[in-house]
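Reader: I would like to go through this model and ask, point by point, what stands behind the labels attached to it.
Author: Go ahead; each label will be set against its criterion.

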Amino acid sequence: MNRKYRKTVIAGNWKMNKTPSETKEFMAELKSIMPKGRWCDVALCVPAVCIPTAVRTMRETRVGIGGENCNANPSGAYTGEIAANMLTDAGCKYVIIGHSERRAMGETDADVNAKIKAAMAAELIPIVCVGESLEQREANVTNDWITLQIKMALNGIPEEKIRKIIVAYEPIWAIGTGRTATPEQAEEVCEHIRTVIRKLFGAKIARAVSILYGGSMNEKNAFELLAQPDIDGGLIGGASLVPEKFVKIIEAANQPTI
Ligand code: PEP
C-alpha cells in the first residue's frame, strides 16, 4: 500500500451468496463491529436483489455498496441484465467488471472495455478484474497476458478517468481455492500492472491507481499481502461473507506504509 498517493480499498464480492434477509442480518452485525478508523475505503459488492437492503442498512456508514456486473448498454431488450445507471440509481458506488467467473461465461475483453465505459458514464467506480490461469502461469506468459487484458480494458478511456478506476489482480488459480498467491507473486504482478499503466498514461496516473489483490485473501494472510508496496487493498470472496473475517481484513489495512 501507499496511502500517500492512492486509496486503500477493501472490497467484498459476495458472488451468488446471501438473500436479502441474510443481507440485513450481515449488515447489522458488520455495523456493530466495524472499525472506527478510516484507513481504507470499504466496498461490498452484492447480488442485485440484495442491493436495496444493503444500501438502506449501510446508508449512514462508510461502506459503499456495489454491483457484481453491469450491461454495457444504457437500456433495451436485454432480458435479465442490469444497466450501470440502474445500479447508480439504486445507490451503488461500485461495480465489479470482468471477474474471471463472468469471463468464463463468455465475457470478452471488448465487453469488459464497453462495460467500464458504461459504468463510468453512470458515475460508478469500476473494479476491473484481470488474472491468469494456472496454465498461463506455468507457461511463463502471466505478464504478457495481463498486459493484454489491461490494454484492452483501458482502451479509449480518457486519461483523466483512469485514476478513478480500481484494478484487481486475481490469479484464477487462487480464486476460491484456498491457494493464495505469495505476497511476492502478487506484488510482482501488481507492480507489472502499474508499469503497464505508466507506459500508457504516465507516472502520475499510474501512481494514483489503486491495485487490489484477490484470490483466497483472508484474515490470516491479509496483513502480509497488504504490506506490499503495489498492493493497495483486496477483493475478497469467501472471507467477505463472514463479518468478523471481513473486519479483520479491514483492520489489516491499518499498518504503516512506505
Ligand atoms: C473473488 O471472488 O473475487 C475472490 C477473490 O474469491 P475468494 O476470496 O473466495 O478467492
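Reader: Why is Thr147 called buried?
Author: The model is a predicted one. Thr147 has a relative accessible area of 17%, and buried means under 20%, so Thr147 is classed as buried. Thr147 sits in helix α7, residues 142-154.

Reader: Which residues does Thr147 touch, not counting residues up to four places away in sequence?
Author: They are His192 and Val196. Both of these appear among the buried residues of α9. As for Lys4, its C-alpha atom is separated from that of Thr147 by 26 Å, with the two positions 143 residues apart along the chain.

Reader: How do you know that the span of helix α9 agrees with its number of residues?
Author: Helix α9 covers residues 183-201, which is 19 residues. The expected span is 1.5 Å times one less than the number of residues, and for α9 this gives 27 Å. The end C-alpha atoms are 26 Å apart, so the two values agree.

Reader: Which residues of α9 are buried, and what follows the helix?
Author: The buried set includes Pro183, Ala186, Glu187, Val189 and Cys190. Further along α9, Ile193, Arg194, Ile197 and Phe201 also belong to it. Just after α9 comes Gly202, with a positive phi of about 100°.

Reader: What makes Glu224 exposed?
Author: Its relative accessibility is 51%. Exposed means over 50%, so Glu224 counts as exposed. Glu224 belongs to helix α11. The C-alpha atoms of Glu224 and Pro183 are separated by 6.5 Å, although the residues are 41 apart along the chain.

Reader: Why is Glu251 called partly exposed?
Author: The value for Glu251 is 39% relative accessibility. Partly exposed is the class between under 20% and over 50%, so Glu251 falls in it. Glu251 is part of helix α12, residues 243-252. Beyond its neighbours within four places in sequence, Glu251 is in contact with Pro35 and Trp39. Between the C-alpha atoms of Glu251 and Arg3 there are 15 Å, and 248 residues along the chain.

Reader: Which residues of α12 are buried, and what do they pack against?
Author: Pro243, Phe246, Val247, Ile249, Ile250 and Ala252 are buried. The buried residues of α12 pack against strands β1, β2 and β8, and against helices α1 and α11.

Reader: What makes Thr8 buried?
Author: Thr8 has 4% relative accessibility. The limit for buried is under 20%, so Thr8 counts as buried. Thr8 lies in the segment before β1. Leaving aside neighbours within four places in sequence, its contacts include Met1, Arg3, Trp39, Asp41, Asp232 and Ala253.

Reader: Why does Ile175 count as buried?
Author: At 15% relative accessibility, Ile175 is within the class of under 20%, and therefore counts as buried. Ile175 is placed in the loop between β6 and α9. With neighbours within four places in sequence left aside, Lys15, His99, Ser100, Glu101, Glu170 and Gly215 are in contact with Ile175. Gly238 is 63 residues from Ile175 in sequence, and their C-alpha atoms are 9.2 Å apart.

Reader: What is the phi of Lys15, and what is the phi of Lys18?
Author: Lys15 has a positive phi of about 55° and is not a glycine. Lys18, also not a glycine, has a positive phi of about 80°. Lys15 lies in the loop between β1 and α1, and Lys18 is in the loop between β1 and α1 as well. Lys18 has a relative accessible area of 25%, so Lys18 is partly exposed.

Reader: How many helices and strands does the protein have, and how do you know that it is as compact as a globular protein of its length?
Author: There are 12 helices and eight strands. The radius of gyration is 17 Å, and the globule rule gives 18 Å for 258 residues; the two are close, so the protein is as compact as a globular protein of that length. The C-alpha trace spans about 45 × 45 × 35 Å along its principal axes. Of the 258 residues, 54% count as buried.

Technical notes. Residues are numbered from 1 along each chain as its sequence is written. This is a predicted model: local features need pLDDT of at least 70, side-chain atom pairs count only at pLDDT 80 or more; totals for chains, interfaces and linings use all residues. Side-chain values use heavy atoms; hydrogens and water are left out. Helices (H or I, at least four residues) and strands (E, at least two) are DSSP runs, numbered from the N terminus. Buried means under 20% relative accessible area, exposed over 50%, partly exposed in between (1.4 Å probe, protein chains only). The radius of gyration is taken over C-alpha atoms; the globule rule is 2.2 Å times the number of residues to the power 0.38. Contact means heavy atoms within 4.5 Å.
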